[in-house]
Amino acid sequence: MDVAFAFLQLALSMAFVGSNIPIGKAIVEDVPVFLFSELRFLIALLILLPLLRARGEWRGAWRLQEGKTMFWQAFFGVFLFSICMLYGVQQTSATSAGIITSTVPACIALFSFLLLKEKLKANQLVAIVLSVAGIALITLTTGGGGQQSLAGLFGNLLVFLAVISEALFTILAKRVSGRVTPFQMTAVINTISFVLFLPLAIYDLTKISLAAIPTSTWLLIVYYAITASVLSFVLWYRGVAKVLASTAGLFTGVMPISAAVISALFLQEAFTWLHAAGMLLVLAAIWTGTVKRKERGIGSHQLNLK
């Protein structure tokens, strides 16, 4: 029963991450990227800080080195990730963005080899090849199956840069695993991100009136903040603690599926057989790179998502 509940937590976490790709695309049509990001972190902190105190986790016992590592996690995994993802989905479809972001496990395997000198197994090499093939198929098509515009290609590139930022976030997270609780990690990352976005958000604020933002968009911002900055973290950390990391990695496949479904329902984007083929290649990459590799421990290959 515990394992089944962990599977549900992992699936819900990735469903939230995927659904926020098209929702973020809708929000930035009304709110500038930096201001939206700042509002998201402010709302998340208003939820997280009281929770930390209620749980007795207000004070952390980490050292300066852990603090530095969490800063770079926030810089790559939230600051750059948010900029690349939100500007990227302005140029490409949310469906394509959702599928491209599911290449995170393959990128993590590659960075582990390049930066941590971990041995890259044959199944991981196959996963990387499948991921690249899936991205190429998506990038060369539009919703109608024709050639994408230059803006669409640039949007796909930005989304892939967001994937790289997420992979770097995960590599850095290995250094603080077990020394910082999930709630503490989430609160610290959101606080650092709030500070990083503040100057840019103030500039954005000079170009728009908060009163001009539609009520429906405010509701989406609140939903995005709760799911992306709070629930997805908590659900993922709790679920991955009960199963092997390779098993947890399977559930990243829920992300592109969620993004595609919400894009079709919420944004009325077309979903073609070429998108489906790209998704299958990426899911095959996730399966090959996570299910079949040998595990050394639950915490050694954890994925950390926004």
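1. Helices in this note are DSSP runs of type H or I with at least four residues, numbered from the N terminus. With that convention, Leu 110 lies in helix 5, which covers residues 104-115. The coordinates are those of a predicted model, and the points below should be read accordingly.

2. As to the overall fold, the protein chain contains 12 helices and 0 strands, so that the order of elements from the N terminus reads α-α-α-α-α-α-α-α-α-α-α-α. Among contacts in the protein chain with a separation of 6 or more, 91% join residues that are 24 or more positions apart.

3. Turning to burial and surface, 54% of the 306 residues of the protein chain count as buried. The exposed area of the protein chain is about 13400 Å², and 71% of that area is supplied by carbon and sulfur atoms.

4. Helix 5 deserves a paragraph of its own. This helix has 12 residues and spans 16 Å from its first C-alpha to its last, which is close to the 16 Å expected at 1.5 Å a residue. Its buried residues include Val 104, Pro 105, Ala 106 and Cys 107, and also Ile 108, Ala 109, Phe 111 and Ser 112. Just after helix 5, Lys 117 adopts a positive phi of about 60 degrees.

5. Which residues make the nonpolar surface patch of about 350 Å²? The patch is formed by Leu 110, Phe 113, Leu 114 and Leu 115. Leu 110 has a relative accessible area of 33% and is therefore partly exposed, and because patch residues need over 30% relative accessible area, this value is enough for Leu 110 to meet that cut-off.

6. The search of the whole structure for salt bridges returns 2. In one of them, Glu 57 pairs with Arg 55, and the closest N and O atoms are 3.1 Å apart. Glu 57 is buried at a relative accessible area of 13%, whereas Arg 55, at 38%, counts as partly exposed.

7. A salt bridge also links the side chains of Lys 207 and Asp 204, with an N to O distance of 3.4 Å. Here Lys 207 is exposed, its relative accessible area being 54%, while Asp 204 counts as buried at 3% relative accessibility. Side chains of opposite charge can pair when their charged atoms come close.

Terms used
Residues are numbered from 1 along each chain as its sequence is written. This is a predicted model: local features need pLDDT of at least 70, side-chain atom pairs count only at pLDDT 80 or more; totals for chains, interfaces and linings use all residues. Side-chain values use heavy atoms; hydrogens and water are left out. Helices (H or I, at least four residues) and strands (E, at least two) are DSSP runs, numbered from the N terminus. Buried means under 20% relative accessible area, exposed over 50%, partly exposed in between (1.4 Å probe, protein chains only). Contact means heavy atoms within 4.5 Å. Accessible areas come from the Shrake-Rupley method with a 1.4 Å probe; for residues, only the protein chains shown count as cover. Patches are made of residues with over 30% relative accessible area and no salt bridge: like charges are joined within 9 Å, nonpolar side chains (Val, Leu, Ile, Met, Phe, Trp, Tyr) within 5 Å. A salt bridge is a side-chain nitrogen of Lys or Arg within 4 Å of a carboxyl oxygen of Asp or Glu. The expected span of a helix is 1.5 Å times one less than its number of residues.
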